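Me: I would like a close look at a single part of this protein, set in the context of the whole fold. Please take me through it residue by residue, and say plainly where the values come from.

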Amino acid sequence: MPVVSVIIPAYNAKRFVRETVDSVLGQTFHDFEVIVVDDGSTDGTERVVAGIDPRVRCIRKPNGGVSSARNRGVEE
């Protein structure tokens with residue numbers, strides 16, 4: 001189990017989510033997982049995240065706002 005979980009709430013973040021995830025993956029600390037919570041995006045955010053790295057997961061949920069997305073990430 002990773003020491004750190006990085007939770008990234010995302011809503012229609014297709015333009016920026018790859019750069020965001022790459023920034024996390026580029027850190028010198030490597031014992032982490034990245035959980036991108038796609039909060040009902042309609043722009044293909046989930047497709048951008050899929051297959052980036054084995055430490056990156058994308059969870060889809062109906063739109064509920066950033067707090068709801070963050071809480072879902074914590075649950076995961």
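**A loop residue and its surroundings**

Reply: Ala 13 sits in the loop between E1 and H1, and it is a useful place to begin, with the reminder that everything here rests on a predicted model. Although it belongs to a loop, Ala 13 counts as buried, because its relative accessibility is 16% and the cut-off for buried is under 20%. Once neighbours within four places in sequence are set aside, the contacts of Ala 13 are with Ser 41, Asp 43 and Thr 45. Ser 23 lies 10 residues away from Ala 13 along the chain, and the C-alpha atoms of these two are separated by 15 Å.

Asn 12 is in this loop between E1 and H1 as well. Its phi is near 50°, which is a positive value in a residue other than glycine. With a relative accessible area of 31%, Asn 12 is partly exposed, whereas Ala 13 is counted as buried.

From Ala 13 one can step across to Val 49, which is 36 residues away along the chain but has its C-alpha atom 10 Å from that of Ala 13. Val 49 belongs to helix H2, which covers residues 45-49, and it is buried, with a relative accessible area of 2%. Leaving out residues within four places in sequence, Val 49 is in contact with Val 17, Val 36, Val 56 and Cys 58.

Glu 46, also placed in helix H2, is partly exposed, with a relative accessible area of 34%. Beyond the four places on either side in sequence, Glu 46 touches Asp 38, Cys 58 and Arg 60. For the last of these, Arg 60, the C-alpha atom is separated by 7.6 Å from that of Glu 46, with the two positions 14 residues apart along the chain. Cys 58 therefore appears in the contact lists of both Val 49 and Glu 46, if one reads contact as heavy atoms within 4.5 Å.

Three of the partners of Val 49, namely Val 17, Val 36 and Val 56, lead on to the largest nonpolar core, which has 13 residues and in which the residues with the most contacts are Ile 8, Val 17, Val 21, Leu 25, Val 34, Val 36 and Val 56. Two or more residues of this core are given by each of strand E1 (4-10), helix H1 (14-25) and strand E2 (32-39), and H1 supplies the largest share, four residues. In soluble globular proteins, nonpolar side chains tend to be buried together. Val 34 shows how this core is connected: apart from its neighbours within four places in sequence, it is in contact with Val 6, Ile 8, Val 21, Val 24, Arg 55, Val 56 and Arg 57.

To set this part in the whole, the protein has three helices and three strands, which follow one another from the N terminus in the order β-α-β-α-β-α. Of its 76 residues, 36% count as buried, and among contacts between residues at least 6 apart in sequence, 62% join residues at least 24 apart. The radius of gyration is 12 Å, which agrees with the value near 11 Å for a compact globule of 76 residues, and the C-alpha atoms fill a box of roughly 30 × 25 × 15 Å along the principal axes. About 4700 Å² is exposed, of which carbon and sulfur atoms supply 51%.

Key: Residues numbered from 1 in each chain as written. Predicted model: local features only at pLDDT ≥ 70, side-chain atom pairs only at ≥ 80, totals over all residues. Heavy atoms only, no water. Rg over C-alpha atoms; globule rule 2.2 N^0.38 Å. Buried < 20%, exposed > 50% of the residue type's maximum accessible area, 1.4 Å probe, protein only. Areas by Shrake-Rupley, 256 points an atom, 1.4 Å probe, with all protein chains shown as cover. Core = buried A, V, L, I, M, F, W, Y, C linked by side-chain atoms within 4.5 Å.
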